[in-house]
Amino acid sequence: MAREATEIELTTIGRRTGEGHSIPVWFVREGKSTFLLPVGGANSQWYRNLRKNPTLKLGPTSAKARLITDRSTVDHVIEGFTSKYGASDVTAYYPGVDVAVEVRDS
């Protein structure tokens with residue numbers, strides 16, 4: 001996945017249906033990690049799916065998600081998003097974000 005790309009397709013397993021659900025998401029890369037922010041925070045549907053089953057696909061790659069609730073780490077991810085996408089867009093699209101997701105390269 002190219003660092004300069006603006007979106008990637010995220011697929012999670014529905015917590016009730018067991019079916020795959022895909023959505024385009026913004027992301028930032030740092031070292032061997034890809035970080036995601038759910039627009040709706042912990043109440044986001046795809047984040048809730050990951051709480052039940054942390055298996056996901058980012059583009060064509062399957063991986064396990066690490067859910068991040070630590071405020072300082074979430075703030076660090078927000079800083080990465082702000083640097084990549086701009087403060088005004090991050091503020092507009094991610095108000096009150098309280099969680100993040102890390103996906104490590106295998």
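# Rings, bridges and a helix

Reader: Let's start with Trp26: buried or exposed?
Author: Trp26 has a relative accessible area of 16% in this model, which is predicted. The cut-off sits at 20%, and anything under it takes the first of your two words. With 16% falling under that 20%, Trp26 counts as buried.

Reader: How many aromatic pairs does the structure hold, and how is the Trp26 and Tyr85 pair arranged?
Author: The structure holds five aromatic pairs. For Trp26 and Tyr85, the ring centres are 4.0 Å apart and the planes meet at 10°. Planes under 30 degrees apart get one particular label, so this pair is stacked.

Reader: How many residues apart in sequence are the parts that this pair ties together?
Author: Trp26 belongs to the loop between strand E2 (20-25) and strand E3 (28-30). Its partner Tyr85 is in helix H2, residues 71-85, and is buried too, at 11% relative accessible area. So the pair ties together parts whose separation in sequence, in residues, is 59.

Reader: Trp26 and Tyr93 also pair, so what kind of pair is that?
Author: Here the ring centres are 5.5 Å apart, and the planes stand at 85°. Planes over 60 degrees apart fall in a class of their own. So Trp26 and Tyr93 are edge-to-face.

Reader: Which helix holds Tyr93?
Author: Tyr93 is partly exposed, at 45% relative accessibility. Its pair with Trp26 ties the loop between E2 and E3 to a part 67 residues away in sequence. That part, residues 87-93, is helix H3.

Reader: Which residues form one aromatic cluster?
Author: You've met some of them already: Trp26 pairs with Tyr85 and with Tyr93. Phe81 and Tyr94 belong to the cluster as well. The full set is Trp26, Phe81, Tyr85, Tyr93 and Tyr94.

Reader: The charged end of Lys84 sits over which ring?
Author: The charged end of Lys84 lies 3.8 Å from the ring centre in question. A charge has to be within 6 Å of that centre to qualify, along with an angle test. The ring under Lys84 is that of Phe27.

Reader: How many salt bridges are there, and which residue partners Asp105?
Author: The count comes to three. In the Asp105 bridge, N and O are 2.7 Å apart. Asp105 lies in the segment after strand E7 (100-104), with its partner in strand E3, 76 residues away. That partner is Arg29.

Reader: Of that pair, which residue counts as buried?
Author: Asp105 has 40% relative accessibility, so it's partly exposed. The other side chain has 19%, and the cut-off is under 20%. So the buried one is Arg29.

Reader: How far apart in sequence are Arg66 and Glu102?
Author: These two form a salt bridge, with the closest N and O atoms 2.7 Å apart. Arg66 is in strand E6, residues 61-68, and Glu102 is in strand E7. Arg66 is partly exposed at 44%, while Glu102 is buried at 9%. The pair links distant parts of the chain, and the separation in residues is 36.

Reader: Where do Arg71 and Asp75 both lie?
Author: Arg71 and Asp75 meet in a salt bridge, at 2.8 Å from N to O. They are four residues apart, about one turn of a helix. Both lie in helix H2.

Reader: In H2, which residues are buried, and how wide is the arc they cover?
Author: The buried residues are Val74, Val77, Phe81 and Tyr85. Their arc puts them on the same side of H2. Residues three or four places apart point the same way, because an α-helix has 3.6 residues a turn. The arc around the axis is only 60°.

Reader: And which residues are exposed on the other side of H2?
Author: The buried residues have cover that includes E3, strand E4 (33-36), E6, H3 and E7. The other side of H2 has residues that are exposed. They are Ser72, Glu79 and Ser83.

Reader: Which residue just after H2 takes a positive phi?
Author: H2 has 15 residues and reaches 21 Å from its first C-alpha to its last, close to the 21 Å expected. Just after H2 comes a phi of about 100°. The residue is Gly86.

Technical notes
Residues are numbered from 1 along each chain as its sequence is written. This is a predicted model: local features need pLDDT of at least 70, side-chain atom pairs count only at pLDDT 80 or more; totals for chains, interfaces and linings use all residues. Side-chain values use heavy atoms; hydrogens and water are left out. Rings of Phe, Tyr and Trp (its six-membered ring) pair if their centres lie within 6.5 Å; planes under 30 degrees apart count as stacked, over 60 as edge-to-face and the rest as tilted. Helices (H or I, at least four residues) and strands (E, at least two) are DSSP runs, numbered from the N terminus. Buried means under 20% relative accessible area, exposed over 50%, partly exposed in between (1.4 Å probe, protein chains only). A charge sits over a ring if NZ of Lys or CZ of Arg is within 6 Å of the ring centre and within 35 degrees of the ring normal. A salt bridge is a side-chain nitrogen of Lys or Arg within 4 Å of a carboxyl oxygen of Asp or Glu. The expected span of a helix is 1.5 Å times one less than its number of residues. The arc is that of the directions from the helix axis to the C-beta atoms. Contact means heavy atoms within 4.5 Å.
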